[in-house]
Amino acid sequence: VLAETGHVPPDALAGLEKVNTRIYEQLGPSVVNITTIEVGYDFFFEPTREEGTGSGSILDRNGYILTNYHVIENADYIQVTLTDKLKYKAEVVGFDEVDDLAVIRIQAPKEQLTPIPMGASKDLAVGQIVYAIGNPFGLNRTMTSGIISSLGRTIKSKAGYLIDDVIQTDAAINPGNSGGPLIDASGRMIGINTSIFT
């Protein structure tokens with residue numbers, strides 16, 4: 001229809017908007033804000049505090065959260081903020097520096113935790129619609145959309161390692177989106193937002 005008429009039919013646009021809002025409303029509570037504090041010392045040996053921010057996805061009701069390793073790297077203190085603004089101290093459970101992945105955990109009541117549905121990345125196709133939910137610039141939960149631009153890319157992580165089989169998307173990824181989920185149109189997590197190429 002677009003090729004013939006040059007515009008998108010209103011009913012098709014309305015349908016896409018419904019998908020967008022459904023994904024945001026259903027999966028938003030599964031995405032958390034992660035704030036880190038790293039303590040250091042300045043030239044005069046005075047203590048300094050450096051704050052960082054990122055995003056993460058709730059994996060289960062036991063409080064396990066997936067994020068990027070570079071989000072929590074060198075952090076002396078990690079705080080997770082849920083959708084309802086409740087804040088919890090987190091501990092690092094494990095990490096994979098090579099693939100820039102980390103799992104942290106919070107002690108929160110199970111009813112406050114909404115696990116994100118998991119998908120698979122093996123059957124993806126270029127042109128497929130995807131969504132990124134995160135906390136760019138420390139803002140409360142934003143969503144952007146785009147398509148899969150390429151598959152099988154190789155990028156260099158912040159630690160200098162090469163990561164293979166990367167999904168490239170044109171969905172806007174901003175600072176603070178790191179560690180947040182990349183989601184397909186069925187509302188399943190198919191990847192994790194890792195870096196921005198400019």
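This passage describes the sheets, loops, salt bridge and empty spaces of a predicted model.

Strands of a sheet pair through backbone hydrogen bonds, and the pairing can be parallel or antiparallel. One sheet in this model is a closed barrel of 6 strands. The strand order is β1-β2-β3-β6-β5-β4, and the pairing is antiparallel. On average, neighbouring strands of this barrel are turned by 40° against each other, direction ignored. Strands β4 and β5 illustrate the pairing. β4 spans residues 77–81 and β5 spans residues 87–96. The two run antiparallel and are joined by 4 bridges. In one of these contacts, Val-80 has Tyr-88 of β5 as its bridge partner.

A further sheet is open and has 5 strands. Its order is β9-β8-β7-β10-β11, again with antiparallel pairing. β9 (162–169) and β11 (189–192) stand at the edges. Each has a single partner strand, so one side of each has no neighbour in the sheet. Neighbouring strands here are turned by 45° against each other on average, direction ignored. The edge strand β9 pairs with β8, which covers residues 142–156. These two strands run antiparallel, with 5 bridges between them. Ser-150 has Gln-168 in β9 as its bridge partner.

Two loop residues stand out by their backbone angles. Most residues other than glycine have a negative phi. Lys-85 has a positive phi, near 75°. This residue is found in the loop between β4 and β5. Asp-100 also has a positive phi, near 60°. Asp-100 is found in the loop between β5 and β6 (101–106). Asp-100 is buried, because its relative accessible area of 4% falls under the 20% cut-off.

The structure holds 1 salt bridge. The partners are Asp-184 and Arg-188, whose closest N and O atoms are 2.9 Å apart. Asp-184 is buried, with a relative accessible area of 3%. Arg-188 counts as partly exposed, at 37% relative accessibility.

Empty space was examined next. Rolling a probe the size of a water molecule over the atoms shows where such space is left. There is 1 cavity of 30 Å³ or more. The largest cavity has a volume of about 40 Å³. Its lining consists of Tyr-69, His-70, Glu-73, Glu-97, Asp-100, Ser-157, Lys-158 and Ala-159. Of these lining residues, 2 are nonpolar, 2 polar and 4 charged. The loop residue Asp-100 is thus part of the cavity lining.

The largest pocket has a volume of about 940 Å³. It is lined by 35 residues, and the closest to its centre are Val-166, Ile-167, Gln-168, Ile-192 and Thr-194. β8, β9 and β11 each supply at least two residues of this lining. β9 gives the largest share, 7 residues. By class, the lining of the largest pocket has 18 nonpolar, 10 polar and 7 charged residues.

The second largest pocket has a volume of about 380 Å³. Its lining has 20 residues, of which Gly-52, Thr-53, His-70, Val-71 and Lys-158 lie nearest the centre. Two or more lining residues come from each of β1 (31–41), β2 (47–58) and α3 (69–72). The largest share, 5 residues, comes from β2. This lining divides into 5 nonpolar, 10 polar and 5 charged residues. His-70 and Lys-158 line both the largest cavity and the second largest pocket.

How values were computed. Residues numbered from 1 in each chain as written. Predicted model: local features only at pLDDT ≥ 70, side-chain atom pairs only at ≥ 80, totals over all residues. Heavy atoms only, no water. 1 Å grid on protein atoms, 1.4 Å probe; cavity = no way out; pocket = protein on both sides within 12 Å on 5 of 7 lines; lining within 4 Å. Points joined across faces, edges and corners; volume = space filled by probe spheres on them. Nonpolar A, V, L, I, M, F, W, Y, C, P; charged D, E, K, R; others polar. Pairing = 2+ DSSP bridges. Axes fitted to C-alpha atoms, helices over the stretch in contact; angles between N-to-C directions. Salt bridge = Lys/Arg side-chain N within 4 Å of Asp/Glu carboxyl O. Buried < 20%, exposed > 50% of the residue type's maximum accessible area, 1.4 Å probe, protein only.
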